[in-house]
Amino acid sequence: MNRGNPPQPPMRDFSRSLPMALLTTREAVMDRFRPSLRAFGVTEQHWRVLRALYGRGKVETGELAGLCCLLNPSLSRILKRLEAAGHVTRCRVPSDRRRTMVAIAPAGRALLERRAPFSEAEYHAIEEAFGKQRLAALYETLEDLRKALEEPGC
């Protein structure tokens, strides 16, 4: 008997929500990295942009937004701040003035290289806590899931 409660829709339990499981796991992981990001005066989004640019040369802003999982308007604001801080450079594509290329600047490269050991220490701690092979398998599984969901008809 329902006893006056509205009927529940046929949904899986909230604890088995894949988006929530991924989000809570992301937050647990990011809690490990946030202190050193703050110590270096960098936001998570700024760091993603610098990491994506490191070793890539110039990247078109649309591609960079995709690499960093950022919306174009957000990326535009982030690039303004990073450029003002001297961490990135931007230039228009001569053949198409609507397009902009972005590159990491020497100051951005130096910041990234100063913070890298702190980041790698966190990766090592995560490997110790979770297991190196399990972490490698997790990367593979997440990549497989992403590819499966990007396939047509999914």
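**Confidence**

This predicted model has a chain average pLDDT of 92, and 97% of the residues score at least 70. Here pLDDT is the predictor's confidence in each residue, from 0 to 100. Local features need pLDDT of at least 70, side-chain atom pairs count only at pLDDT 80 or more, and totals for chains, interfaces and linings use all residues. Residues are numbered from 1 along each chain as its sequence is written, and side-chain values use heavy atoms, with hydrogens and water left out.

**Exercise 1.** Describe how helix 2 and helix 3 cross.

- Step 1. Locate the helices (DSSP runs of H or I, at least four residues, numbered from the N terminus). Helix 2 spans residues 44-53 and helix 3 residues 61-68.
- Step 2. Take the axes (lines fitted to C-alpha atoms over the stretch in contact; angles run from 0 to 180 degrees between N-to-C directions). The two axes come within 9 Å and cross at roughly 115°.
- Step 3. List the contacts (heavy atoms within 4.5 Å). Arg-48, Val-49, Ala-52 and Leu-53 of helix 2 meet Leu-64, Leu-67 and Cys-68 of helix 3.
- Step 4. Sort by class. The contact has 6 nonpolar, no polar and 1 charged residues. Ala, Val, Leu and Cys are among those counted as nonpolar, and Arg counts as charged.

**Exercise 2.** Work out the sheet order and place helix 2 on the sheet.

- Step 1. Find the strands (DSSP runs of E, at least two residues). 3 strands form an open antiparallel sheet, ordered 1-3-2.
- Step 2. Identify the edges. Strand 1 (59-60) and strand 2 (88-93) each pair on one side only.
- Step 3. Check the pairing (at least two DSSP bridges between two strands). Strand 2 and strand 3 share 6 bridges, antiparallel. Cys-91 stands opposite Met-101 in strand 3.
- Step 4. Add the helix. Helix 2 touches strand 1, strand 2 and strand 3. Its direction makes about 90° with that of strand 3.
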